[in-house]
Amino acid sequence: MPLDEGFIGREYPPSSPYEVGREKIREFADAIKDDSPLYRDTEAAKAAGYQDVIAPPTFAMRLSVLAQEAVVGDEQLGLDYSRVVHGHQAFRHHRPIRAGDVLVAVAHVDDVKARAGNDFLTVRAEIGTVEGEPVCTATSTLVARGTAEEGEQS
């Protein structure tokens, strides 16, 4: 059964607050093999003009996934997550993510399309501080393989 285009424009409640720790930033930088001192050394980050160590730009994926969980877990949407592959990811940073930030992410369904028997779901996560300061906009396209009706074109 194809995804319902009526979900376009739906907004989900904010994720639980996520506190960004220096150790999580370092672990992420290690995982992506980026040895920048800005991700590890407070003094180096301060010398570069930051308040504390900053996270690599793709660290925002952690918050994006938190937001997506609300969408993919929505039973009314009917997404078969066992058939999902990640089709596209983009980030627009308003400022770097810093150690000590407490962030939430709000998911928005921006688009639902069926093409060649597959459903394409575009989810935008607005990531910001618990105080409301915008930090990053993350946009993901998820592809549910073989879930749309054949012959559908949007």
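## A look at Ile127 and the salt bridges

Ile127 is buried, with just 2% relative accessible area. Keep in mind that this is a predicted model, so everything below describes a prediction.

Where does Ile127 sit? You'll find Ile127 in strand β4, which covers residues 118-129. Leaving aside residues up to four places away in sequence, Ile127 touches a whole list of others, including Ala60, Leu63 and Ser64. Leu103, Val104 and Ala105 are also among the residues that Ile127 touches, and so are Glu133, Pro134, Val135, Cys136 and Ala138. Then there's Val106: 21 residues separate Val106 from Ile127 along the chain, yet their C-alpha atoms are 6.6 Å apart.

Now for the charged side chains. Side chains of opposite charge can pair when their charged atoms come close. How many salt bridges turn up in the whole structure? A search finds eleven. Here are three of them, with the N to O distance for each.

| Salt bridge | N to O distance |
|---|---|
| Arg10 and Asp74 | 3.5 Å |
| Arg26 and Asp30 | 2.4 Å |
| Lys113 and Asp111 | 3.3 Å |

Let's start with Arg10 and Asp74, whose side chains meet in a salt bridge. Arg10 is in the segment before β1 (18-19), while Asp74 is in the loop between α3 (60-72) and β2 (84-93), so this pair ties together parts that lie 64 residues apart in sequence. Are the two partners buried or exposed? Arg10 is partly exposed, at 30% relative accessible area, whereas Asp74 counts as buried, at 14% relative accessibility. The cut-off for buried is under 20%, so Asp74 with its 14% falls on the buried side.

The salt bridge between Arg26 and Asp30 belongs to a single helix. Both residues are in α1 (residues 22-31), and because they are four residues apart there, about one helical turn separates them. Arg26 is partly exposed, with a relative accessible area of 30%, and Asp30 is partly exposed too, at 36%.

That leaves Lys113 and Asp111, whose side chains also meet in a salt bridge. Lys113 is partly exposed, with 28% relative accessible area. Asp111 counts as partly exposed as well, at 21% relative accessibility.

Some salt bridges share partners, and which residues do they join into one network? The members are Glu23, Arg26, Asp30 and Arg40. Arg26 and Asp30 are the pair from helix α1 described above.

Definitions and conventions: Residues are numbered from 1 along each chain as its sequence is written. This is a predicted model: local features need pLDDT of at least 70, side-chain atom pairs count only at pLDDT 80 or more; totals for chains, interfaces and linings use all residues. Side-chain values use heavy atoms; hydrogens and water are left out. A salt bridge is a side-chain nitrogen of Lys or Arg within 4 Å of a carboxyl oxygen of Asp or Glu. Helices (H or I, at least four residues) and strands (E, at least two) are DSSP runs, numbered from the N terminus. Buried means under 20% relative accessible area, exposed over 50%, partly exposed in between (1.4 Å probe, protein chains only). Contact means heavy atoms within 4.5 Å.
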